[in-house]
Amino acid sequence: MSLISNIVEQLINGLRTGSIYALIALGYTMVYGIAKMINFAHGDIIMVGAYALYVFAALLGLPVPVSIILTIVVCAVLGITVERIAYKPLRSAPSLAVLITAIGVSYFLQNIALLIFKATPIPFGSVIKVSSFKIGGIHISGITIVTFIVTFVAMAVLTWFINKTRAGSAMRAVSEDKGAAALMGINVNKTISMTFAIGSALAAVAGILFICQYESLSPTLGALPGIKAFVAAVLGGIGSIPGAMLGGLVLGIIESISKAYISTQLADAIVFSVLVIVLLVKPSGLLGKMKAEKV
Amino acid sequence: MALLEVKNLGISFGGLRAVDDLNMSIEQGSLVGLIGPNGAGKTTAFNLLTGVYAPSEGTITLDGENLVGKGPTDICQAGIARTFQNIRLFSKMTVLDNVKVALHNHVSYGLVTSFFHIGAYAKKEKEMDERALEILKVFDLDGQADTLASNLPYGKQRKLEIARALATEPKLLLLDEPAAGMNPNETKELMDTIQLIRDKFKITILLIEHDMKLVSGICEYLYVLNFGMELAHGEPTEVLNDPKVITAYLGE
Amino acid sequence: MNKKINKTIIINIVAAIVVYAVVMILTQGGILGRQAMSIIIPCCVNVILAVSLCLLVGFLGELTLGHAGFMSIGAYAGALTTNALELPPILELIIALVVGGVIAALFSLIIGLPVLRLKGDYLAIVTLGFGEIIKSVINSLGFTGGAKGLTGISAYSNYKNFTFVYIIVLLTIVVIANLVYSRHGRAICAVRDNYIAAEAVGIKVSKFKTMAFVISGFFAGVAGVFYAHNVGILKPVNFDYNKSIEILVMVVLGGMGNIKGAIVAAVILTALPEVLRGASEYRMLLYAIVLIAMMLFNNSKLRTSLLEKRNMKKAMNIQKEGE
């Protein structure tokens, strides 16, 4: 019984981390789908989100719901700004150049945070206060429940938005073929901006959930979840929205199980090994589509 | 026996038969055309011959050697070289280096020689330069040997691609729309060059072309494809007057 | 054409001698402070790293983010070798260089064979993943000292041993620069420019990708050995992907596929923190801004128009000469 409840608890832990990965992975995948680029700086948006929440809620003392909304707005605007300044001029550049620029943006955001908030971690208690409860000997924390609900709602809304709204179908059209979409009267620039805004807003949500879990701020806090989430997006098949969700959850569970039953130190190695194996077997990821080059 | 023997060659993509039951027999030293309307499967046939796609069924033999199951690199070494419909040069390399890449398997030295430029390096590189320039001269490109390939005008890029293919010393040269995008003067000049290289290098040429003047002007034999299937084959005059062929091109 | 090549060779040899002489005068003459002396070997290490990564990013055209991983393999293998041996220092160091380089190359081969089937962004992330795997495996092993680090490594490659290190740096540069101008190097560049065409002219694409990967891994390992015997203590955290990115920045600033540029960038970026000691907080920020600005400039209309102007000028000059 205790072993089973232990496993269940680890699975729940895994799903919780996995949910956060999935939220971040959605941003990677949407941006990849539409701009065909890996937004390496996406993980750092999480960090910005966490610090923004800290500034609004702890330093300025604004009410929590207002702080959360402001945090999301800040991240969305940041996402659009980064795209306009750093990525837009490179739309026709080789993908290597875009990737390097994105790495530059990531460094930029981290170091700005380092200059403003310094390297010493800042303790920051959770702003979401939901009491935990027990079902049949299994302990579930309040933040876990909130994470599940928020992730589920975010995914449901996103799926509806992309499949059922005009703006969503514009996004799908641009990701298929920019040129053709422009000829059909779709504003490509606006659509790409919107994609970055949505992706960054999701990263902000992930950042809020993440910081409520770990309760400590540092300039590089986004790097590791960012990379993990990226691995999740690739695992699921980058460009595929259900793939990002699946990849995130799978990754979270693998990580949590390996930490609990194999080795804490090797958990990261196991996560990356799974990615490598999946890519070697299925180079386009679990749910991705392979495009062969025409000769 | 013919140089190239193709029997019952076919390939499907999903449910689509891109090439179906293709049979070809190309004699040593001949200049043969492969024609057909857009989407007839001509380039797919080239991709099958050069190992880009593996055929679903059928056999390809070059000079008695089976080619099915081999990849592009091995097929090149077996003696088939090609050009591409959408030009594929090594764009950031010079004109000379483009040709020298193709000499890779013919003038060789070891990795250690590459590291330290010792021993045979100077001699072999000089040999490569000479051979490459000799081929470039045929196409009147020797004056631009040090130009970056991407800086050549379009017509010359097409010629460089043919020069590069020739440098692999093929038995059979496949040209995919060599005259595409050329003006009538350039096309005329190209026709002469194609005939010249056939005679000078003693090779066999199979070409895809839309320009009927070029096709009827230089090809000795034609194969016509339509919807992946062979519609007709024979001497140009009889094939081009075949009502089936005319219908395929002009519609009912 | 041959005359021109000979001239550049002579200029390069002169430059190498001048650099050596300047460093020797500075170190022997006691002109440099301790701090400045301590960056001489790190400069050499980073030059080897940058030049070897240049082969992958600039000439093979594949972005890999796991270079620090191969460096760490070389560093640990070399350090464990010298720790186990009881020989004259220079002999120990030479053996360590060979062991470190070969083991790093071996890992490059094992990792490269499957991974190089991937392309572009996927390859970048998988190599990053491998770098992290190597790091966390080293972290969890006993004989590597784990997270606490491997200590007791003799300081064989400090500035007093500059001559030897410098010779190996020159050897690295010569080997990689020569490789680029050889049939093997041309094949590697052909794969970069158009792998389909490369296959069609008889180049085995996977063979040359692996070759570049292994050669680059070997030199990353060599750099790691020097690094280990310079700092004296190895910790897995020093080889995370930030280190890989640092090397990448050098290659990018050098102009991607420009070996001389990569060398200069490596030296400047290693020396810069010393020069800007007061502004060390701004160093990484500066890296970031330079990286972005460089990419934006390289792909901007400004650059194209500048290039066009230069070409115009050249063409005019040629015409004048013709008259």
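**Close-up views: a cavity and an interface**

**Figure 1. Looking for enclosed spaces.** Search this whole structure, which is a predicted model, and six cavities of 30 Å³ or more turn up. The largest cavity holds about 90 Å³ of space.

**Figure 2. What surrounds the largest cavity.** Here we zoom in on the 13 residues that line the largest cavity. Closest to its centre sit Tyr28(A), Phe40(A), Ala223(A), Gly226(A) and Ile227(A). Three helices of chain A, namely α2 (42–59), α4 (95–117) and α9 (223–236), each chip in at least two lining residues. The largest share comes from α9(A), with four residues. As for chemistry, the lining has seven nonpolar residues, five polar ones and just one that is charged.

**Figure 3. Where chain B meets chain C.** On the chain B side, 34 residues are in contact with 29 residues of chain C. Together the two chains bury about 2700 Å², and 62% of that is on carbon and sulfur atoms.

**Figure 4. A salt bridge between the chains.** Chain B and chain C share one salt bridge. To find it, look for the side chains of Glu125(B) and Arg186(C), which meet at 2.9 Å, N to O. There are also 16 residue pairs in polar contact between these chains, counting pairs with both residues at pLDDT 80 or more.

**Figure 5. Chain B's side of the interface.** Four helices of chain B each give two or more residues to the side touching chain C: α2 (72–78), α3 (95–102), α4 (111–116) and α5 (121–138). The largest share is five residues, from α2(B). Sorted by class, this side of chain B has 15 nonpolar, ten polar and nine charged residues.

Key: Residues are numbered from 1 along each chain as its sequence is written. Chains are lettered from A and ligands numbered from 1 in the order in which they are written. This is a predicted model: local features need pLDDT of at least 70, side-chain atom pairs count only at pLDDT 80 or more; totals for chains, interfaces and linings use all residues. Side-chain values use heavy atoms; hydrogens and water are left out. On a 1 Å grid over the protein atoms alone, a cavity is a set of points where a 1.4 Å probe fits but cannot get out, and a pocket is an open set with protein on both sides within 12 Å along at least five of seven lines; lining residues have an atom within 4 Å of a point. Grid points are joined across faces, edges and corners, and a volume is the space filled by probe spheres set on the points. Ala, Val, Leu, Ile, Met, Phe, Trp, Tyr, Cys and Pro count as nonpolar, Asp, Glu, Lys and Arg as charged, and the others, Gly among them, as polar. Contact means heavy atoms within 4.5 Å. Buried area is the accessible area (1.4 Å probe) that two parts lose on being put together, summed over both. A salt bridge is a side-chain nitrogen of Lys or Arg within 4 Å of a carboxyl oxygen of Asp or Glu. A polar contact is a pair of N or O atoms within 3.5 Å; within protein, one must be able to donate a hydrogen and the other to accept it, and residues adjacent in sequence count only if both atoms are side-chain atoms.
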